[in-house]
Number of protein chains: 2
Amino acid sequence: MGRLPTVSDVAKLAQVSRQTVSNALNSPEIVKATTLARVLEAVDTLGYRTNAGARRLRTQRSSTIGVRFEPISDGVSGGLLDRFLHAITEQADSLGMRILLFTAVSQEEEIAKIRQLRAGSDIDGVVLASTFHGDRRTEWLVRDRTPFVMFGRPWGQGKAEVPPHRWVDVDGATGVKEATSHLLSVGCERILFLGWPSPSGTGDDRRNGWLEALATHAAASSSSAMRLWEAQAQLLHVECRDTLHDAETATREALAAHPEVDGIVCASDSLAIGARIATVMTGRSDIPVVGFDNSAVAQALGLSSVDQRLDLVAAATLELLIPTMDGAPLDEADNHRLISPQLIVRDTPIVLPLGSGEPRSSL
Amino acid sequence: MGRLPTVSDVAKLAQVSRQTVSNALNSPEIVKATTLARVLEAVDTLGYRTNAGARRLRTQRSSTIGVRFEPISDGVSGGLLDRFLHAITEQADSLGMRILLFTAVSQEEEIAKIRQLRAGSDIDGVVLASTFHGDRRTEWLVRDRTPFVMFGRPWGQGKAEVPPHRWVDVDGATGVKEATSHLLSVGCERILFLGWPSPSGTGDDRRNGWLEALATHAAASSSSAMRLWEAQAQLLHVECRDTLHDAETATREALAAHPEVDGIVCASDSLAIGARIATVMTGRSDIPVVGFDNSAVAQALGLSSVDQRLDLVAAATLELLIPTMDGAPLDEADNHRLISPQLIVRDTPIVLPLGSGEPRSSL
């Protein structure tokens, strides 16, 4: 033809209206399947390429959300953010949006990449994950007026302070409280909490769930039960790094010092597997152990665990992000969602001989 | 300013040349960090947004690779494609390219989505994963001249036939051969292969690795060893579905029928964990078991397993895809890469009581 094909050329070849071509490219879900196929065939035959790009350029909208994708993280709960990514990709897709992945080796580089993607109208907004105490990215993004939602709480802030951005998080305290209440309901009375060294926003929050469950239980009992709770809360709390080995060692020591322990609630599945190994090795395999994350490993091993409901996290993230991308001002009274996780109870123990997880050699 | 800001406006504000602005946006790695920061600050201040979009429109290039992202897949090896995605995102990023995720519920919808993304110049090429026997997507993509590389072999084709597209796959036969040779080298003589029902492209390939290792071993021995190999190859091969439960049942039956079995090689980690449970429950925990995928579960449990080297798969995929996106014609003599996986040996068994993996109830 000697010139770039237009919408009219596509419409003519497909024998449909220009509006139908536009619908086929922008809202395919409202177009009949056979018509859609004919339009896409015409798009293909003509090599029509510019409509969506031109629209994006004109409107400076890409219907695309940027997510920093970190290197593979090994370990028991390593796939957690992948599960979130699956959920948000599915749900964004059903809203006509897509997920663009990029990588960065530092907070500074992440900010630079986001600026570049915004400058190219490649993304309309961002989901920040793997946030941590002292995270500086939020401040930058707020200043740069980049639409974003944080998956994770602004742990650094005081309770009274409202952060100047939107966030979604999982209510770990409620999850661990449910896990502890479950053990109390099946007759456990001396429940150990195995967590991470304090301060840890996520870890301290989960430990608080255990304390709350014990306090609620004690309050419903006699005053001596309350004294018991106070003693227990001080004694039956152990901290270690998030590895099977450290969890096994810490649990062995705790069981030696407190043989009365009859249940263990953990801040993660790694800790739970380590704790389970320790209970078996010390002849205490009757002690129930509950983990956190409902990882593939917990599922395969039949360990009880708290599931983070990443499908609900993804839905809440999009619910907050999309108005932000449309320019809605921040409503301080409605700037976050706290998702209740779900305890999954499994209890058909079998005995399985396993390795330590350390490779002996690679061929 | 009353008009959209231009490269010149950015250059003026940042006190750099227009070329430096262009470099900052298109090849940031060649720009000094302090200069880059100044340019991005100016981009931000001015709200400069159109350069990359305009370039993409002009060149019809997006430096973006589309990947269909499927729903979360549970089970032992469910995270395999996630690990591939991490590897290819990292490596694409280091080449200045990005990964765009989309979803589709059928092959037809996947093709329609790819056409739409190409029509909008949103992607330059595609990685097809989760291919299977009778996959129709390749034919469509070839006809549509969409640059793509398939992760997975064109199993449907005869050996002599060269498929009209590029592909990368993991050499499962070589991986299982190494696993079997390893068991032979530590003294096993009656090695059971636990695999999936035939025909299965991937499964039959892995089983062939076991046969090859036995044949090689027999050939290096006496002629009675060769006869033994023939008998063994016929008898010590069991097929079942890819679940822990079916693998446990199949292994129990095989051990009852063939108590001489002294080693087990499996087509997957799910099968290996089921086999491991069976060996323990029948008092045969001395039998070494090797899995395939080096999943998080195998790592956590200390099971030996074959690692697919998805970092090498990702590198090979990009090596083939990038010239395709640049318009290079297909070279039939150099249209694929077959990656050798790596056996990871772990052997420090411990005893661990575990659940069956079936949830009893959800709260």
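**Cysteines, a helix and a chain, in Q&A**

The structure, a predicted model, holds zero disulfides over all chains.

Student: How far is the sulfur of B:Cys266 from the closest cysteine sulfur?
Tutor: Let's start with the cut-off: a disulfide needs two cysteine sulfur atoms within 2.5 Å. For B:Cys266 the closest candidate sits in B:Cys240, and that is too far for a bond. The distance is 8.7 Å.

Student: And is B:Cys266 buried or exposed?
Tutor: Buried means under 20% relative accessible area. B:Cys266 comes in at 1%, so that residue is buried.

Student: What about A:Cys188, buried or exposed?
Tutor: Use that cut-off again, under 20%. The relative accessibility of A:Cys188 is 7%, so the label is buried.

Student: How many residues of helix 6 of chain B are buried?
Tutor: This helix covers residues 107-119, which gives 13 residues. Among the buried ones are B:Ile111, B:Ile114 and B:Leu117, and also B:Lys113 and B:Arg115. The helix is largely enclosed by the rest of the structure, because the buried count is 10 of the 13.

Student: What does helix 6 of chain B reach from its first C-alpha to its last?
Tutor: At 1.5 Å a residue, you'd expect 18 Å. The model comes close to that, with a reach of 18 Å.

Student: Which residue with a positive phi follows helix 6 of chain B?
Tutor: Look just past the helix for a phi near 50 degrees. The residue there is B:Ser121.

Student: What share of the contacts in chain A join residues at least 24 apart?
Tutor: Chain A has 14 helices and 14 strands. Count contacts between residues at least 6 apart in sequence. Of these, the share joining residues at least 24 apart is 67%.

Terms used
Residues numbered from 1 in each chain as written. Chains lettered and ligands numbered in written order. Predicted model: local features only at pLDDT ≥ 70, side-chain atom pairs only at ≥ 80, totals over all residues. Heavy atoms only, no water. Buried < 20%, exposed > 50% of the residue type's maximum accessible area, 1.4 Å probe, protein only. Helix = DSSP H or I, 4+ residues; strand = E, 2+ residues; numbered from the N terminus. Expected span 1.5 Å × (residues − 1). Contact = heavy atoms within 4.5 Å.
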